[in-house]
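Colleague: Got a minute to go through this model with me? I have a handful of quick questions.

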Amino acid sequence: MNFLMGIYILVFFTYLFGPLIIMSFTAFNSAEFPAITPWECFSFRWFNEGKIAYDGQHLAGLLTDWRLHDGLISSLIIGAGVVCLSVPIGMAAAIVLTQVKSQLRDIYYSISIMPVLFPGVIIGISTVVLWDRIAGLGGGGFISDVGRNGIFLTILAQTCFISTYCFLIFVARLQRFDQTQEEAALDLGASQTQVFFKILIPYLAPAIASAAVIAFLASFENYNTTVFSILSDQTLTTVIASKVRLGISPALSALALTIIALTVIAAVTYEILRRRQERKYLESQEEFVKEKAASSRVNKDYKAGFKVPKGIVALILLVIIGSYVATQIVKNDLYGNSCIEAADTLKKSKFLDQLQTLESNQLSDEDLQGGSLGGNQDYGDIFGDPTLFQDFGGFD
Amino acid sequence: MKSLFFTQPFFQKNGKSVALFFLVAIVFWFIFLVIIPQLYMLDLSFRANIPPLERGGPKDFYTLEHYRHFIFGSKTSADAYNFVDLGVFGRTILVSIFVTIANLAFCYPIAFYIAKIATPSTARLLIVSLIIPFWINELLRSFALRILFANEGVINNVLTGIGILDQGILFITYDVGLYTGLIYAYILLMMFPLYNAIESLDINQIEAAKDLGSSTFRTHWRVVIPHAKPGIVSGCTMVFMLTVGALATPVVLSSPNTLWFPQLIYQWFNLNDNWSRGSAYSIILLIVSVVFVLTMMRIFKVRIGEIIR
């Protein structure tokens, strides 16, 4: 039973991570189509300058793609705006929830969680149609400018449902709040406003931090709402979507790998910090016990031996394997300009061969009439040679 | 109003300035961001589609034209019903139900394992690794699947390279990619409610059931699942609503000749510039999916308050 469970977990996590890992590898393949096979060269071109194909089409890399950069900037602005609006709203709504009469509480709660259950497209559309009307009524000038500003509309539309995420985080934290703290402060002569700033806000600080992070991430990766409310502007997600629709490029793999790397680093740092805090807490507890016991027999038991941390061993192993693979790649000429040039000339020569075959494929009048090749009068020169297009790899 | 809505006088309880801030924030959110836009969209969906300049003029009247179009099709078409749009809509709902059930089936064993069998450190590791993929953009996750499933993609290349297949399978054309992507997209939103619900179950109840001679299946059916019902319902609701309203995954993964319903809305709205009809279709999507969820909750006897906890 446990064995089966292990296999199932393995399959499940392969499903979760497999596509991402394969995508990460395709970011390093110099070929124009994101693929593992055929593997051309190991290269960083999709992170840097990209490539200009023979037909002049520019397949931009991450560093040179100005549309991605513009999108990233507006995504950051929108994220900041959403955090500034949705965290206070979520906090206010959560605090008021504790003061609402119990008969009204269910209705209040339902309205608060409703936006999460609405499809994102609907929130985007409703915001746009409302503000288009407001802008129309406002005539020219400031109101119409604001009402037709994609970034402003996106902030409002996203705040509508991201406030609910914040609300839920604050509700969870407030459930463990000890009301007697407030009462004590009031008894000692604090005003209501002081209680809010000196007791409630410090207690809610961790929730504020996590709500801000969640709100920013949710805003940053939102597409369904943004694609309507952004109007003529672009965010990172809409740029990605338009790129995917036009044709998939390894530059997107490179972008995804960058985001994955940042995510993993953040997660690992968070985990390490948490463990360190836990260990500190345990150590302080141990010291407390030692002081209490004050006997040499107990002290001896706490003497810790030197242990090599697992993380460092794994890191060293990773570095060794990585450097070995890197040297092998360079040795076998799978990296660098020479390899890319070789691959390009190979493709070009194939292309030239095919062109030559095309040109040398002169048919006599007899063939054109439907002679030895079996073609017919109208299409003889196109269908004359059945092997003609077999190895044609496209115009790059 | 103070005694009507609140347990204590509102302005006294919070202090004047803070109370004002609360009131402004909540009214801004509920009225201005949630209710008015929806009501205005509802209003727009009953209006004729006219350019902005003609608003208030003779052509600006209320009509059921857009809803009629959804059911019966355009006036010039010969068909009795609008089979194309109705087909897209029905398919969206059916596939969403299938995706929800598949998600539940996939997540239940993992959630049970993390909550009840794994050691605390393993459980933490598994949870962290569950979260990592979902910090990555939904579009990019779909893009990863697109690389795998494309006609010249990794799976096809590997299979033909080994020699199992002569020709690649058209995963995208037959929407295999889309279904896989939709299951992938919101699986975390099923996992966490399930995990939370199962985690709160006392392990002694499972042991007791076993001691009394219950089989594994029976233990799950009679002890674990009834306890986890709120979690199951809340996970299913979230996954269903998000799948029905999904746009990012279908944009990347759906085949060129099939549409997901939000894509249809997008077409009316952005490509055909018919905002009224786009609004009408949005209203249809919203009402049908909400009614469906409420019906399911009535059938399984769960209150709305239990949904998101």
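Colleague: Is B:Asp273 buried or exposed?

Modeller: Exposed: B:Asp273 has 11 other C-beta atoms within 10 Å, and the cut-off for exposed is 12 or fewer. Keep in mind that this is a predicted model.

Colleague: And where does B:Asp273 lie?

Modeller: In the loop between helix 14 (261–271) and helix 15 of chain B. B:Asp273 also has a positive phi of about 55 degrees, although it is not a glycine.

Colleague: What sign does phi usually have?

Modeller: Most residues other than glycine have a negative phi.

Colleague: OK, what about B:Asp175, buried or exposed?

Modeller: B:Asp175 counts as buried, with 21 C-beta neighbours inside 10 Å. Its phi is positive too, about 65 degrees, and B:Asp175 is not a glycine either. You'll find B:Asp175 in the loop between helix 8 (154–162) and helix 9 (176–185) of chain B.

Colleague: Back to helix 15 of chain B. At what angle do the axes of helix 3 and helix 15 cross?

Modeller: Roughly 115 degrees, and the axes come within 8 Å. The crossing of helix 3 and helix 15 of chain B is left-handed.

Colleague: Which residues make that contact?

Modeller: From helix 3 of chain B you have B:Met41, B:Leu42, B:Leu44 and B:Ser45. Helix 15 of chain B brings B:Trp275, B:Ser276, B:Ser279, B:Ala280, B:Ser282 and B:Ile283. By class, that contact has six nonpolar residues, four polar and no charged.

Colleague: Switching to the two chains together: how many residues does each put into the contact?

Modeller: Chain B puts in 70 residues and chain A 77. On the chain B side, helix 3 gives the largest share, 16 residues.

Colleague: How does the chain B side split by class?

Modeller: It has 50 nonpolar, 16 polar and four charged residues.

Colleague: Got a single residue there I could look at?

Modeller: Try B:Val251, in helix 13 (residues 248–253) of chain B. B:Val251 touches A:Ala241 and A:Arg245, leaving out residues up to four places away in sequence. B:Val251 is buried, with 22 other C-beta atoms within 10 Å.

Colleague: And A:Ala241, what sort of helix is that in?

Modeller: A:Ala241 is one of the buried residues of helix 10 of chain A. Eight of the 11 residues of that helix (residues 236–246) are buried, so helix 10 of chain A is largely enclosed by the rest of the structure.

Colleague: Which residues have the most contacts inside the largest nonpolar core?

Modeller: A:Ala256, B:Ala111, B:Phe143 and B:Leu194, in a core of 144 residues. Not counting neighbours within four places in sequence, B:Leu194 is in contact with several residues, including B:Cys107, B:Tyr108, B:Ala111 and B:Ile232.

Colleague: Now the overall picture. What is the secondary structure of each chain?

Modeller: Chain B has 15 helices and zero strands. Chain A comes to 16 helices and two strands.

Colleague: Why is chain B called more spread out than a compact globule?

Modeller: Because its radius of gyration is 25 Å, well over the 19 Å that the globule rule gives for 309 residues. The C-alpha atoms of chain B fill a box of roughly 75 × 75 × 35 Å along the principal axes.

Colleague: Last one: how much of each chain is buried?

Modeller: In chain B, 38% of the 309 residues count as buried. For chain A, buried residues make up 30% of 396.

Key. Residues are numbered from 1 along each chain as its sequence is written. Chains are lettered from A and ligands numbered from 1 in the order in which they are written. This is a predicted model: local features need pLDDT of at least 70, side-chain atom pairs count only at pLDDT 80 or more; totals for chains, interfaces and linings use all residues. Axes are lines fitted to C-alpha atoms, for helices over the stretch in contact, and angles run from 0 to 180 degrees between N-to-C directions. Helices (H or I, at least four residues) and strands (E, at least two) are DSSP runs, numbered from the N terminus. A crossing is left-handed if the near helix is turned anticlockwise from the far one by less than a right angle, and right-handed if clockwise. Two residues are in contact if their C-beta atoms, placed from the backbone, lie within 7 Å. Ala, Val, Leu, Ile, Met, Phe, Trp, Tyr, Cys and Pro count as nonpolar, Asp, Glu, Lys and Arg as charged, and the others, Gly among them, as polar. The radius of gyration is taken over C-alpha atoms; the globule rule is 2.2 Å times the number of residues to the power 0.38. A residue is buried if 20 or more other C-beta atoms lie within 10 Å of its own, exposed if 12 or fewer, and partly exposed in between; C-beta atoms are placed from the backbone. A nonpolar core is a set of buried Ala, Val, Leu, Ile, Met, Phe, Trp, Tyr and Cys residues joined through C-beta atoms within 7 Å.
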